[in-house]
Amino acid sequence: MSEIEIRKEGRIGRITLTRPKALNALGYDMCLAIEAALDAWAPDPEVRMILIDAEGDKAFCAGGDIAVMYETGTKGDYAYGQTFWRDEYRMNAKLFEFPKPVVSLMQGFVMGGGVGVGCHGSHRVVGESSQVAMPECGIGLVPDVGGSLILAGAPGRIGEYLGVTGRRMGPADAIFAGFADYFIPEADWPALTGALVETGDWESVDRAARTPPPGELAALQPRIDALFAGERLLDIANALTADGSDFALSTLKVMERNSPLAMACAIEMQHRLKGSDDIRRALALEYRFTYRAPEHSDFLEGIRAAIIDKDRKPRWKHAGLEAVPGADVARMLMPLGEHGLKLEEELQ
């Protein structure tokens, strides 16, 4: 069975993820297929806009298909993961920079690689079931696929908080944090899809939008801004410990399960990207980490603990939140030289 359906329909180009039993996890061939469609449709006068959606009610896309990365990485073959990320990030950049409107309908889980497909378009729609998150630090990776740029643009210190905790956002919170634009009840999605196919009128999305159910992040922002004001992971951990409130301690408990190195790097990356709207810069910075990840980070151990053995007992390289030297962060994020992600060359 096909993992993705790509076709022209009426006035639009349609991309539908068709792996509902796998929560529409994004595989390498799916990334290449999306990129090929973008390349074909950008100059095509018959395609007024693009619609991206997914089969099933549990997930738009719950992340990248990382089992092969573990299989190859544990054998010392790092090239597969490096190639996957390089090509995926190029596709993410093309989506972000696409010259026509891109509508995404994102139900259920929208995580990791799903953010890279669904959250870079011009009209990002969530519904009642939407749960958006960047949970990469839990497997020893950093928020990537351009997610670092969205997090860096979130209000105040919301991005740092979301990046290191992987907190799931319902529709209102996803809009508040900059991962979505519109709330439309999911019962209205079929009619909206039909209208888009028939007319190619992306303003149909604006007309269908409603006020989402209340979220939580806006009310939490003053507290988050105070607790996450530090420059380093250690500063944030100290602030949470000193505060001692239920919120601070529960946040600390979540963070203590995640990779200290990944969280320290995620914070540094966001600080470097603050005020930027340059997707290529963000993806190149992410690639510095992911290129090195299988060999030098907690990534393979994180996958082992969460997905392979499922013991939920990862043995991280650093003993705690206070144990990550700045030099280790710098090593993971320093330029890659000839191996760097040179999107200016690849996207010409």
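**Salt bridges and surface charge**

In the predicted model, R7 is buried, with a relative accessible area of 18%. Its salt-bridge partner is E9, and the closest N and O atoms of the two residues are 3.3 Å apart. E9 itself is partly exposed, at a relative accessible area of 27%.

A search of the whole structure yields 24 salt bridges. One of these links the side chains of E3 and R19, with an N to O distance of 3.7 Å. E3 belongs to the segment before β1 (4-9), whereas R19 lies in the loop between β2 (12-17) and α1 (28-41), so this pair ties together parts that are 16 residues apart in sequence. The relative accessible area of R19 is 18%, so the residue counts as buried, since the term applies to values under 20%. E3, in turn, is partly exposed, with a value of 33%.

A further salt bridge joins E71 and K75, whose closest N and O atoms are 3.9 Å apart. E71 is partly exposed, with a relative accessible area of 46%; K75 is classed as exposed at 66% relative accessibility. Beyond individual pairs, E5, R7, E9, R14 and D53 are joined into one network through salt bridges that share partners.

Acidic residues also occur in a surface patch. D277, D278, E344 and E345 together form a negative surface patch. Within this group, E345 is located in helix α17, which spans residues 343-346. E345 has a relative accessible area of 56% and is therefore exposed, the cut-off for that class being over 50%.

Methods: Residues numbered from 1 in each chain as written. Predicted model: local features only at pLDDT ≥ 70, side-chain atom pairs only at ≥ 80, totals over all residues. Heavy atoms only, no water. Patch = residues over 30% accessible without salt bridge, like charges linked within 9 Å, V, L, I, M, F, W, Y side chains within 5 Å. Areas by Shrake-Rupley, 256 points an atom, 1.4 Å probe, with all protein chains shown as cover. Salt bridge = Lys/Arg side-chain N within 4 Å of Asp/Glu carboxyl O. Lys, Arg positive; Asp, Glu negative; His and termini not counted. Charge placed at Lys NZ, Arg CZ, Asp CG, Glu CD. Helix = DSSP H or I, 4+ residues; strand = E, 2+ residues; numbered from the N terminus. Buried < 20%, exposed > 50% of the residue type's maximum accessible area, 1.4 Å probe, protein only.
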